[in-house]
Amino acid sequence: MRKLLIPVAVIALAIAAAAVGGRSQTAAAASSASCAKADLKLVKAGQLSIGTDNPAFPPWFAGGETKGRPWKINDPAKGQGFESAVAYAVAKRLGFAKTEVRWVYTPFNKAIAPGRKAFDFDINQISYTPERAKVLGFSASYYNVNQSIVGLKGKPIASVRSVNGLRRYKLGAQLGTTSYQYIVRNIKPSRSVAVYDTNDAAVQALKIGQIDGLVVDLPTAFYVTAVQVPNGKIIGQFQAKGAQERFGMVFQKGSPLIACVNNALAQMKRTGVLKRIQQIWLAKVTGAPVLK
């Protein structure tokens, strides 16, 4: 077999693609696939199918329920709340009218599982991790986030001011989340970590005293203490360890739509649209003491 003489420039491009890991897939899709609405490969023709969990909690979703629709707390189709507003802004830049967006109930654990998806992308406070990226596609960041911890007012944990001070307490989080990973990898409590299938179950455990502290992302902590646990207190937020934690939209692995969504997000960042959405929906849920 004859040896092929490959130009140095081609070799350099191949090395560069390998160096960026998962991003090379997105770059390849961007160069080979059209982002014109008619060319998009969708789960359901003519509609953009977006997954999220139910109930749809603030500040990620807002506007209340809609009679006749299954969504509890808030209906994502109202376009209110940070993630709903971001989703519709992306949809608009992909060429979809609001009436052409279809919301698909997708539990968190199902959204991050391998395999075929019933959505084109899912938006549900799902953090990028290298482990998840092995079986899922991720968009660029639409929000950088810190983890935080919620306890009950008047309890000993409420006066803790350091990560070390949390180690003797019973802590809990939703199974499979970066909140759980943060406890195990960074807090390293002396007692076993309590895990729950849903965040609602974890919140209930805090309310009835099964756990001393609940770890969740910071904006969610504000909702927990404002609505779900009236005697709850945000003890503090945690500094990022290593790379900054970020939320990304989730796709079926290898989806060519990733590049198109990233194009939309880049435009939203460049024009200030994403920042304005954040100011509208998250301005009041970002301040808490940092535990070191």
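## A tour from tryptophan 71 to the disulfide

Begin by selecting tryptophan 71, which has a relative accessibility of 3% and therefore counts as buried, since the cut-off for that word is under 20%. Bear in mind throughout that this is a predicted model.

With tryptophan 71 still selected, trace the backbone on either side and you will find that the residue sits in the loop between strand 1 (48-52) and helix 3 (82-93). Next, show what surrounds the side chain: leaving aside neighbours within four places in sequence, tryptophan 71 is in contact with Thr52, Asp53, Asn54, Glu65, Pro76, Trp103, Val104 and Tyr105. Add proline 55 to the selection as well, because a distance label drawn from C-alpha to C-alpha will read 6.1 Å, although proline 55 and tryptophan 71 are 16 residues apart in sequence.

Now zoom out to the whole protein, where a cartoon display will show 9 helices and 11 strands. Of its 292 residues, 47% count as buried, and among contacts between residues at least 6 apart in sequence, 68% join residues at least 24 apart. If you switch to a surface display, the exposed area is about 14,500 Å², of which carbon and sulfur atoms supply 56%.

For the interior, select Val86, Val90 and Met249, the residues that touch the most other members of the largest nonpolar core, a set of 57 residues. Helix 3 provides the largest share of this core, with 8 residues. Centre the view on valine 86 and display its partners: not counting residues up to four places away in sequence, valine 86 touches Ile123, Tyr142, Met249, Met268, Leu274 and Ile277. Apart from this core lies another one, of 15 residues, which you can locate by selecting Val163, Ile183, Ile187 and Phe238, all of them among its members. In soluble globular proteins, nonpolar side chains tend to be buried together.

Finally, select cysteine 35 and cysteine 260, which form a disulfide with their sulfur atoms 2.1 Å apart; a search of the whole structure finds 1 disulfide. Looking along the S-S bond of cysteine 35 and cysteine 260, the torsion is about -90 degrees, so the disulfide is left-handed. Cysteine 35 lies in the loop between helix 2 (23-32) and strand 1, whereas cysteine 260 belongs to helix 8 (residues 257-270), so the pair ties together parts that are 225 residues apart in sequence. As for their surroundings, cysteine 35 counts as partly exposed at 29% relative accessibility, while cysteine 260 is buried, with a relative accessible area of 3%.

Notes: Residues are numbered from 1 along each chain as its sequence is written. This is a predicted model: local features need pLDDT of at least 70, side-chain atom pairs count only at pLDDT 80 or more; totals for chains, interfaces and linings use all residues. Side-chain values use heavy atoms; hydrogens and water are left out. Helices (H or I, at least four residues) and strands (E, at least two) are DSSP runs, numbered from the N terminus. Buried means under 20% relative accessible area, exposed over 50%, partly exposed in between (1.4 Å probe, protein chains only). Contact means heavy atoms within 4.5 Å. Accessible areas come from the Shrake-Rupley method with a 1.4 Å probe; for residues, only the protein chains shown count as cover. A nonpolar core is a set of buried Ala, Val, Leu, Ile, Met, Phe, Trp, Tyr and Cys residues joined through side-chain atoms within 4.5 Å. A disulfide is a pair of cysteine sulfur atoms within 2.5 Å.
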